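The following exercises are to be worked with the sequence and the model at hand. Each task is followed by a solution in steps.

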Amino acid sequence: MGDAHRGHQLFANKLATDEGAMQVVDRDGTRHRILFNYTRYDDECDQQKHEALLNRLINQDNVHFLFGSTPVFAQSESEMANDAQRLIYHCCVGPDVLYEQDMKYVFGIQTSNKKYSLDSLKSMALA
C-alpha cells in the first residue's frame, strides 16, 4: 500500500502545478482547471474502521472519486461507492465477478485473478 500511496501522492502533486494541471474546455471555449485533492486515511486493515473511513470520505469529505484499497475490501467499498454514486477505481484488485455486477461507478484494470499464477509462470519460463 505504501507504493500505491506514494504514486497517488506524486500524481496529486503533479496536478497541483500549473504545467501539470488537467483542464477541460467547454463548448464555449472556456478552460476549466480540474482541482485534485488527495486524502488518505489508515484503516489498519480493519473492516469496521475501513467502512467508517470510507463513509467519512463519501459523506463528510464529499469526495467525487475513490481509489480502491485491497482485495479484502474490494466488494464492500465498491458497493458503498456505487450506492453513493461516487466513482471508484481499482488497480488490479478484486475477483472477476466484481466487474460483472453492473455497478456503473466501479472501474479498474480488469486483470483476471485466475490468471495471476499462469501469467507468472509464463513470465518465468520466458525469462
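**Exercise 1. Determine whether Cys45 is buried or exposed, and describe its backbone.**

Step 1. In this predicted model, the relative accessibility of Cys45 is 63%. Exposed requires a value over 50%, so Cys45 counts as exposed.

Step 2. Cys45 is placed in the loop between β2 and α2.

Step 3. The phi angle of Cys45 is near 55°, which is a positive value in a residue other than glycine.

**Exercise 2. Carry out the corresponding analysis for Asp102.**

Step 1. Phi of Asp102 is near 60°, again positive in a residue that is not glycine.

Step 2. Asp102 belongs to the loop between β4 and β5, the latter covering 106-108.

Step 3. With a relative accessible area of 74%, Asp102 is exposed.

**Exercise 3. State how many salt bridges the model contains, and characterise the partners of each.**

Step 1. Side chains of opposite charge can pair when their charged atoms come close. The criterion is a side-chain nitrogen of Lys or Arg within 4 Å of a carboxyl oxygen of Asp or Glu. By this rule there are two salt bridges.

Step 2. One of them joins Asp18 to Arg33, with 3.2 Å between the closest N and O atoms. Asp18 sits in the loop between α1 and β1, whereas Arg33 is in strand β2 (residues 31-34); the pair therefore ties together parts that are 15 residues apart in sequence.

Step 3. Asp18 is exposed, at a relative accessible area of 64%. Arg33 has 35% relative accessibility and counts as partly exposed.

Step 4. Another salt bridge is formed by the side chains of Lys49 and Glu44, at 3.3 Å from N to O. Here Glu44 is exposed at 58% relative accessibility, and Lys49 is partly exposed at 30%.

**Exercise 4. Identify which residues make the nonpolar surface patch of about 320 Å², and place Val24 within the chain.**

Step 1. The patch is made by Phe11, Met22, Val24 and Ile34.

Step 2. Val24 is part of strand β1, which comprises residues 22-25.

Step 3. The relative accessibility of Val24 is 39%. A patch residue must have over 30% relative accessible area, and Val24 counts as partly exposed.

**Exercise 5. Describe the largest pocket: its volume, its lining and the elements that contribute to it.**

Step 1. Rolling a probe the size of a water molecule over the atoms shows where empty space is left. The largest pocket has a volume of about 1,100 Å³. It is lined by 39 residues, of which Tyr38, Thr39, Leu57, Leu66 and Phe67 are the closest to its centre.

Step 2. At least two lining residues come from each of α1 (2-15), α2 (47-59), β3 (65-67) and β4 (87-90). The largest share, five residues, is supplied by α1.

Step 3. Sorted by type, the lining of this pocket consists of 23 nonpolar, ten polar and six charged residues.

**Exercise 6. Give the order of the secondary-structure elements and the percentage of residues that count as buried.**

Step 1. The chain holds four helices and five strands.

Step 2. Read from the N terminus, these elements follow the order α-β-β-α-β-α-β-β-α.

Step 3. Buried means under 20% relative accessible area. Of the 127 residues in the chain, 28% count as buried.

Technical notes:
Residues numbered from 1 in each chain as written. Predicted model: local features only at pLDDT ≥ 70, side-chain atom pairs only at ≥ 80, totals over all residues. Heavy atoms only, no water. 1 Å grid on protein atoms, 1.4 Å probe; cavity = no way out; pocket = protein on both sides within 12 Å on 5 of 7 lines; lining within 4 Å. Points joined across faces, edges and corners; volume = space filled by probe spheres on them. Nonpolar A, V, L, I, M, F, W, Y, C, P; charged D, E, K, R; others polar. Patch = residues over 30% accessible without salt bridge, like charges linked within 9 Å, V, L, I, M, F, W, Y side chains within 5 Å. Areas by Shrake-Rupley, 256 points an atom, 1.4 Å probe, with all protein chains shown as cover. Buried < 20%, exposed > 50% of the residue type's maximum accessible area, 1.4 Å probe, protein only.
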